[in-house]
Amino acid sequence: MTKIWKETGFVNDDPWVVETEEAKAGSNEKAILGLDAFIDVVSTSDARELGVLIAPADDVTRLAPHLDRIALVAVAFPAFNDGRAFSHASLLRSRLGFEGEVRAVGDVLIDQIPLMLRCGIGSFAVTNATAIKRLSDGRLPGIANHYQPTARPSSDAKSYSWRRVS
């Protein structure tokens with residue numbers, strides 16, 4: 001079972017559904033479209049508040065002219081060893097200036113969530129039982145010191161080990 005988690009806790013009535021051949025968004029749901037389907041929709045309509053799924057091999061910069069029409073970008077983590085979605089999220093936040101919701105979908109593991117948060121991901125579609133249990137218990141792992149700044153700055157300026165702050 002997939003549960004949506006944000007830093008405030010689990011979300012009960014999330015309307016977003018990743019559309020596939022088998023699964024389509026219902027009347028009370030919002031569709032998350034693949035990148036090509038999303039580009040087709042925005043080029044032929046005035047639709048706004050859309051959701052788009054970025055697969056690891058997709059070029060996230062194709063979203064740049066349409067950012068004002070996007071409510072949610074889902075970045076796909078198909079396997080724990082495929083970290084391209086970290087780069088997608090970071091590019092969305094720092095280079096493209098996207099301020100909407102960025103969601104991690106796929107193989108979301110508890111150990112990666114703090115790093116995902118630092119890259120600008122704000123919500124998580126969690127299916128891993130261990131991750132769901134630890135998030136339910138409020139047991140999110142953390143790293144106190146960071147080597148570089150990211151899309152989400154540290155609340156403590158002294159946590160950057162390379163930075164000299166006087």
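In this predicted model, residues 24 or more positions apart account for 48% of the contacts in the chain with a separation of 6 or more. The chain has 166 residues, and 36% of them count as buried. Its secondary structure comes to 4 helices and 8 strands. Read along the sequence, these elements follow the pattern β-β-β-β-α-β-β-α-β-α-β-α.

**Salt bridges**

Side chains of opposite charge can pair when their charged atoms come close. A search of the whole structure finds 7 salt bridges. The table lists some of them, with the distance between the N and O atoms.

| Acidic residue | Basic residue | N to O distance |
|---|---|---|
| Asp 68 | Arg 48 | 3.6 Å |
| Asp 82 | Arg 84 | 2.7 Å |
| Glu 101 | Arg 103 | 3.0 Å |

What parts of the chain does the salt bridge between Asp 68 and Arg 48 tie together? Asp 68 lies in the loop between strand 5 (50-54) and strand 6 (70-77), while Arg 48 lies in the loop between helix 1 (35-44) and strand 5, so the pair links parts that are 20 residues apart in sequence. Both Asp 68 and Arg 48 are exposed.

The pair of Asp 82 and Arg 84 has another setting. Asp 82 is found in the loop between strand 6 and helix 2, and that helix covers residues 84-95. Is Asp 82 buried or exposed? Asp 82 counts as buried because its relative accessibility is 13%, and buried means under 20%. Arg 84, at 41% relative accessibility, counts as partly exposed. The side chains of Asp 82 and Arg 84 also make a polar contact, at 2.7 Å. Leaving aside neighbours within four places in sequence, Asp 82 is in contact with Pro 56 and Phe 77.

In the third pair of the table, the side chain of Glu 101 meets that of Arg 103. Arg 103 counts as buried, with a relative accessibility of 2%. Salt bridges that share partners join Lys 6, Asp 14, Glu 101 and Arg 103 into one network.

**Ser 123 and its surroundings**

Arg 103 also has a polar partner in Ser 123: their side chains make a polar contact at 3.0 Å. Ser 123 is placed in strand 8, which runs over residues 123-126. With a relative accessible area of 0%, Ser 123 is buried. Which residues does Ser 123 touch, leaving aside its neighbours within four places in sequence? The contacts of Ser 123 are Trp 5, Lys 6, Glu 101, Val 102, Arg 103 and Ala 104. Among these contacts are Lys 6, Glu 101 and Arg 103, which are also members of the salt-bridge network.

**The second largest pocket**

Arg 103 appears again at the second largest pocket, where Thr 2, Ile 4, Trp 16, Arg 103 and Ala 125 lie nearest the centre among the 15 lining residues. About 230 Å³ of space lies in this pocket. Strand 1 (3-6), strand 3 (16-18) and strand 7 (101-106) are the elements that give two or more residues to the lining. Which element gives the most to the lining? Strand 3 does, with 3 residues. By residue type, the lining of the second largest pocket divides into 10 nonpolar, 2 polar and 3 charged residues.

Arg 103 thus links several of these topics: a salt bridge with Glu 101, a polar contact with Ser 123 and a place in the lining of the second largest pocket.

Terms used:
Residues are numbered from 1 along each chain as its sequence is written. This is a predicted model: local features need pLDDT of at least 70, side-chain atom pairs count only at pLDDT 80 or more; totals for chains, interfaces and linings use all residues. Side-chain values use heavy atoms; hydrogens and water are left out. Buried means under 20% relative accessible area, exposed over 50%, partly exposed in between (1.4 Å probe, protein chains only). A polar contact is a pair of N or O atoms within 3.5 Å; within protein, one must be able to donate a hydrogen and the other to accept it, and residues adjacent in sequence count only if both atoms are side-chain atoms. Contact means heavy atoms within 4.5 Å. A salt bridge is a side-chain nitrogen of Lys or Arg within 4 Å of a carboxyl oxygen of Asp or Glu. On a 1 Å grid over the protein atoms alone, a cavity is a set of points where a 1.4 Å probe fits but cannot get out, and a pocket is an open set with protein on both sides within 12 Å along at least five of seven lines; lining residues have an atom within 4 Å of a point. Grid points are joined across faces, edges and corners, and a volume is the space filled by probe spheres set on the points. Ala, Val, Leu, Ile, Met, Phe, Trp, Tyr, Cys and Pro count as nonpolar, Asp, Glu, Lys and Arg as charged, and the others, Gly among them, as polar.
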